[in-house]
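Here's a quick tour of how two chains come together, written for someone who likes to check the atoms. Have a look at the structure first, then read on.

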Protein chains: 2
Amino acid sequence: MSSGQSPTTVEIIAVPGIPEITDGVDLAWVIHDALTAAGLALRSGDIVVVASKVVSKAAGLRRHVPRDVAIAAETVRVVAERAAGDRITRVVQSAAGPVMAAAGVDESNIGADGGVLVLPRDPDAAAAALLTSLRRVSAVDGPLGVIITDTAGRPWRAGVVDFALGSAGVQVLDDHRQGVDADGRPLSVTVIAVADEIAAAADLVKGKAAARPVALVRGLPWARGGVGPRDAADAAGLVRTGPTDWFRTGPVEAIRAALGVPPGSPQSTDIGIPSVTAEPVAPRVERVRRLALHGAPADVTGTAHEAGLTLRASTAYSLGVGVTRAEIAAAAERLTARVEHTGDLSADLSFSEIHDGR
Amino acid sequence: MSSGQSPTTVEIIAVPGIPEITDGVDLAWVIHDALTAAGLALRSGDIVVVASKVVSKAAGLRRHVPRDVAIAAETVRVVAERAAGDRITRVVQSAAGPVMAAAGVDESNIGADGGVLVLPRDPDAAAAALLTSLRRVSAVDGPLGVIITDTAGRPWRAGVVDFALGSAGVQVLDDHRQGVDADGRPLSVTVIAVADEIAAAADLVKGKAAARPVALVRGLPWARGGVGPRDAADAAGLVRTGPTDWFRTGPVEAIRAALGVPPGSPQSTDIGIPSVTAEPVAPRVERVRRLALHGAPADVTGTAHEAGLTLRASTAYSLGVGVTRAEIAAAAERLTARVEHTGDLSADLSFSEIHDGR
């Protein structure tokens with residue numbers, strides 16, 4: 001070897017022979033037995049990565065209610081919403097913690113019992129419980145970690161990846177902020193979401209449809225000595241909401257909320273939610289009309305026609321409010337309005353598409 | 001083994017002995033030599049994962065201009081912006097393709113030559129060129145892949161992860177949409193961003209500060225037969241912008257843009273950009289005032305005082321416009337306005353914090 005540095009190898013191993021998991025199964029024994037049968041008995045430093053689906057199954061987190069009812073129950077706050085046929089797809093802050101589509105409610109691969117699966121409300125506690133059991137059945141004394149994964153889409157990227165929903169015994173963030181780079185410059189903002197990278201790596205062998213819900217990650221230094229106190233090293237520490245979240249809602253939702261119609265509200269549904277697919281101008285202008293009039297003075301009236309909107313009011317002040325609301329509502333539909341004053345108490349708005357770069 | 005299914009193992013190997021890369025270096029030979037010296041000669045099915053930093057260094061993508069000038073040159077469109085002291089941090093759609101902070105301009109670990117590094121404008125072409133060279137120097141005939149990675153933060157998640165900036169010879173998306181789950185139900189929306197998961201996995205061994213910019217991923221089925229025609233399997237296919245992007249801008253930026261002040265514009269800087277850290281009410285109300293008056297009729301005037309704003313106009317219509325713009329501008333500052341009409345041509349607005357869930 002020409003270098004003094006040894007190659008560092010990490011193994012990501014799909015655990016074979018995990019049977020269908022049913023309510024009340026002891027997941028730690030199932031995983032232990034499968035690992036042992038495959039000659040993969042747990043050892044110090046290992047990280048066991050488990051799909052949330054089997055954790056939810058084993059914990060009996062099955063709901064025999066319509067999917068939409070389950071999603072509503074698991075939703076803390078709506079981030080974005082789009083109409084897809086007669087369904088509404090919502091990206092939400094889930095009761096489990098992360099922001100994700102459909103609050104993590106799962107209706108695929110749920111097994112013969114039917115219904116839908118929901119996520120553990122405290123995924124880190126679920127990971128800690130599994131780690132404690134795995135430690136007991138495997139008799140491993142040193143560092144050992146558990147990561148519970150789920151799958152989510154991401155802004156600005158196609159496709160889905162797995163991320164760390166819950167974790168125990170794993171250092172979830174690798175903080176280089178105190179360090180320097182190889183040239184001696186301070187590394188100012190590099191905090192690596194190690195647990196998310198492990199979850200993504202494990203998904204490479206787990207496979208969505210292949211009924212291989214558990215992976216063993218061997219060779220990483222991120223497993224720790226024990227479950228320890230709950231702290232920022234939990235996967236909950238990977239969820240960014242509140243003031244440091246620059247993407248609290250989608251842009252469409254932000255404009256509608258500023259006009260008094262937050263995503264997920266009954267008013268939002270009443271006004272109509274933009275479609276996931278391209279729409280002609282007419283239904284978009286109709287939503288502009290409804291959004292402009294919602295919360296405007298009661299004397300403002302609006303008539304939509306073709307790609308235009310006529311607004312009338314009984315006072316000039318009200319007309320100013322209505323026209324301004326319509327101009328801003330148009331932006332939520334990626335339209336821009338040209339305003340023509342047809343009298344002190346009436347105005348015509350015509351709309352065209354916004355094209356502002358890629 | 002109790003199961004008929006063999007364990008599937010993927011190895012993620014940090015390639016040791018990669019020297020400092022300088023302009024004009026033949027990266028394929030460097031990687032080939034390091035792999036060979038480490039007893040890791042490339043074989044069919046391997047995927048070589050390379051940090052964009054060394055690709056940019058080898059290609060001479062170094063700019064001896066101030067960082068902000070480089071970022072502006074590499075920016076296609078601004079998605080979100082926040083003031084951080086006297087600097088402005090921007091998440092942008094980069095010339096390289098992806099949406100990321102600072103357009104991927106890199107000023108850490110850049111080597112002794114100084115300046116800043118920019119990303120290849122066509123990362124897939126850079127990956128294809130490296131793959132072609134690696135194939136030639138290694139004489140591997142079968143499937144072989146190259147992924148060029150970069151690092152980015154993500155909405156709703158703490159920390160950064162590596163993602164696939166460019167790729168060649170790798171199937172970047174694993175499309176299960178035509179498949180069924182283990183229970184026979186159609187898998188409707190599961191398209192896995194495999195290349196991003198590989199990039200994340202490789203980062204587990206590469207390390208940000210450890211001068212190990214190359215990893216070998218061995219055992220995955222995603223390497224393909226050759227470079228082939230440029231197609232949706234390129235990493236460019238992982239970039240989601242345009243109509244399917246629900247997060248085209250941040251919510252603050254959406255509201256400001258709807259009021260005529262898009263992010264990244266000189267007007268946005270003039271009006272003032274919200275801080276990354278918590279701010280008292282007064283500077284936020286002052287931005288509300290500026291934003292409300294920007295593009296309002298010229299006869300609207302505003303005076304900010306404490307947590308309030310007095311608006312005056314010479315016509316009732318203009319006052320309606322001004323008041324409505326101020327109410328909506330307040331939402332961009334996470335404030336809500338209460339309006340008191342003090343006369344036909346004047347109104348007082350008082351502001352309070354918006355608290356709408358976590």
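## Salt bridges across the interface

Four salt bridges turn up across the interface of chain A and chain B. Keep in mind that this is a predicted model, so treat every distance here as computed from predicted coordinates.

One salt bridge pairs the side chains of R157(A) and D196(B), with N and O 2.7 Å apart. D196(B) also forms a salt bridge with R154(A), where the closest N and O atoms are 2.8 Å apart. That second pair joins two chains, because D196(B) lies in helix α5 (residues 194–206) of chain B while R154(A) lies in strand β8 (residues 145–154) of chain A. If you search the whole structure, over all chains, you get 34 salt bridges.

## How much surface is involved

What does the contact take from each chain? It takes 102 residues from chain A and 103 residues from chain B. Between them, the two chains bury about 9000 Å², and 61% of that is on carbon and sulfur atoms. Three residues stand out on the chain A side: W156(A), R157(A) and W246(A) supply 11% of the area that chain A buries against chain B, more than any other three residues. So R157(A) shows up twice, in that trio and in the salt bridge to D196(B).

## Who does the touching

Polar contacts add to the picture, with 28 residue pairs found across the interface of chain A and chain B, both partners at pLDDT 80 or more. Quite a few elements of chain A each supply at least two residues to the side that touches chain B, among them β1 (9–14), β9 (157–168), α5 (194–206) and α6 (251–258). Which element gives the most? That's α9(A), with ten residues. Sorted by class, this side of chain A has 57 nonpolar, 22 polar and 23 charged residues.

## A strand pair between the chains

The backbone joins in too. Strand β1(A) is joined to strand β1 (residues 9–14) of chain B by five bridges, and the two run antiparallel. Within this pairing, V10(A) has I12(B) as its bridge partner in β1(B).

## Two copies, one axis

How do the copies map onto each other? A turn of 180° with a shift of 0.0 Å along the axis lays chain A on chain B with an RMSD of 0.1 Å. The two copies are thus related as by a two-fold rotation axis. On top of that, 100% of the interface residues of chain A are also interface residues in chain B, so the copies meet through the same surface.

## Two hairpins in chain A

β4 (75–84) and β5 (87–94) are also among the elements of chain A that supply at least two residues each to the side touching chain B. These two strands, β4(A) and β5(A), pair with each other in the antiparallel sense over eight bridges. R82(A) has T89(A) as its bridge partner in β5(A). Their hairpin has two residues between the strands, and G85(A) takes a positive phi near 60° there.

β5(A) also runs antiparallel to strand β6 (residues 99–101) of chain A, joined by three bridges. Here V92(A) stands opposite M100(A) in β6(A). This hairpin has four residues between its strands, and G97(A) in the turn has a positive phi of about 125°.

Technical notes: Residues numbered from 1 in each chain as written. Chains lettered and ligands numbered in written order. Predicted model: local features only at pLDDT ≥ 70, side-chain atom pairs only at ≥ 80, totals over all residues. Heavy atoms only, no water. Contact = heavy atoms within 4.5 Å. Buried area = accessible area lost by both parts, 1.4 Å probe. Polar contact = N/O pair within 3.5 Å; in protein donor to acceptor, adjacent residues only side chain to side chain. Nonpolar A, V, L, I, M, F, W, Y, C, P; charged D, E, K, R; others polar. Pairing = 2+ DSSP bridges. Least-squares fit on C-alpha atoms with pLDDT ≥ 70 in both.
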